[in-house]
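Me: I am new to this structure and would like a close look at a single part of it, with enough of the surroundings to place that part. Please take your time and explain each step.

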Amino acid sequence: MTGIIFPEMPESIRQATLRYTVDAGQLAGLEAGGIVLPESLENAVLKRQVEFAAGRFCAREALQQLGCESRATLAIGQHRAPLWPAGYLGSISHGDGLAIAVVTTAKAWRGLGIDIERILTNAAAEPLVEHLMTAAELAVGNAAGQPLARWLSLVFSAKESLFKALYPFVGRYFDFLDAEVCELQEQQSCLTLRLVTTLSPSCVKGSLYCVRYSYFSNNVATLCLL
């Protein structure tokens, strides 16, 4: 296990993290600990298998912290979303050798989403700008003196977390440009995103969502709580 990514988490939420390496020994160790790969991943590349197993390991650890007794590996649902035990909800992310899961109870929160991303290089970021951000979002980053690659990585991750949190209410993929960052609060380490499109009866145009963020090493993690 590794350190806590989001300090001062609400008491009703648990998080678990794991540093992993992409090798057969890592996968064997996770499987020996009770993590079971689904049939759909039996022929997947090793990287995908290890990432899945590490994420499910974290999910199980976080669930146990909340008192869930099941040690079963979470199955894969529609659009690859994890299927959480009745009464619980959560989110998993992995990347750059780190897996993380956050879990809560359905009584405490309506939804949550988490994402980890490696900070992009300038060369990788520039072609993605028009697909991930609006001119208004660029202006928010520029006003705060944010370097383009760092800002794009943060916005991308925040929108990924928002998607995961809203997915149970929307039930489909939606576009990165369906939500727009309208405010950056650096002292509180959070962004405010506004829907620019109505996605479902409960997720309507103009709805605002707060997304926390945390930088570590050359990565950024974001967390959306509903």
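Does serine 217 count as buried or exposed, and at what relative accessibility?

Reply: Serine 217 counts as exposed, because its relative accessibility is 73%, and the cut-off for that word is a value over 50%. Please keep in mind throughout that this is a predicted model. Serine 217 is found in the loop that joins β7, made of residues 208–216, to β8, made of residues 219–225. Its backbone also deserves a look, since serine 217 has a positive phi of about 50° although it is not a glycine.

Another serine can be set beside it. Serine 189 is likewise not a glycine and has a positive phi, here of about 55°, and it is found in the loop between β5 and β6, the latter spanning residues 190–195. With a relative accessible area of 27%, serine 189 is partly exposed, whereas serine 217, at 73%, is exposed.

To place these loops, it helps to step back to the whole chain. The secondary structure comes to 6 helices and 8 strands, and from the N terminus on the elements run β-α-α-β-β-β-α-α-α-α-β-β-β-β, so that the order closes with four strands in a row. For 226 residues, a compact globule would have a radius of gyration near 17 Å, and the chain agrees with this because its own value is 17 Å. The C-alpha atoms fill a box of roughly 50 × 40 × 35 Å along the principal axes. Buried residues make up 47% of the 226 residues, and the accessible surface comes to about 10,600 Å², 53% of which belongs to carbon and sulfur atoms. Among contacts with a separation of 6 or more, 55% are between residues 24 or more positions apart.

For a contrast with the exposed serine, one can turn to glutamate 51, which is found in helix α2, residues 46–65. Glutamate 51 counts as buried because its relative accessibility is 9%, and the cut-off for buried is under 20%. Once its neighbours within four places in sequence are left aside, glutamate 51 is in contact with Tyr20 and His94.

A further setting is offered by the aromatic rings, for which a search of the whole structure finds 5 pairs. One of them is tilted and joins phenylalanine 163 to tyrosine 167, with 5.7 Å from centre to centre and 55° between the planes. Both residues lie in helix α6, residues 148–170, at 4 residues apart, or about one turn of the helix, and both are buried. Phenylalanine 163 also pairs with tyrosine 173, and this pair is stacked because the ring centres are 5.5 Å apart and the planes are at 10°. Since phenylalanine 163 lies in helix α6 and tyrosine 173 in the loop between α6 and β5 (179–185), the pair ties together parts that are 10 residues apart in sequence. Tyrosine 173 counts as partly exposed at 49% relative accessibility, while phenylalanine 163 is buried at 17%. Together, Phe163, Tyr167, Tyr173 and Phe174 form one aromatic cluster.

A last residue is alanine 139, which lies in helix α5, residues 135–143, and counts as partly exposed at 42% relative accessibility. The C-alpha atom of alanine 139 is separated by 9.7 Å from that of cysteine 182, although the two residues are 43 residues apart along the chain.

Definitions and conventions: Residues are numbered from 1 along each chain as its sequence is written. This is a predicted model: local features need pLDDT of at least 70, side-chain atom pairs count only at pLDDT 80 or more; totals for chains, interfaces and linings use all residues. Side-chain values use heavy atoms; hydrogens and water are left out. Helices (H or I, at least four residues) and strands (E, at least two) are DSSP runs, numbered from the N terminus. The radius of gyration is taken over C-alpha atoms; the globule rule is 2.2 Å times the number of residues to the power 0.38. Buried means under 20% relative accessible area, exposed over 50%, partly exposed in between (1.4 Å probe, protein chains only). Contact means heavy atoms within 4.5 Å. Accessible areas come from the Shrake-Rupley method with a 1.4 Å probe; for residues, only the protein chains shown count as cover. Rings of Phe, Tyr and Trp (its six-membered ring) pair if their centres lie within 6.5 Å; planes under 30 degrees apart count as stacked, over 60 as edge-to-face and the rest as tilted.
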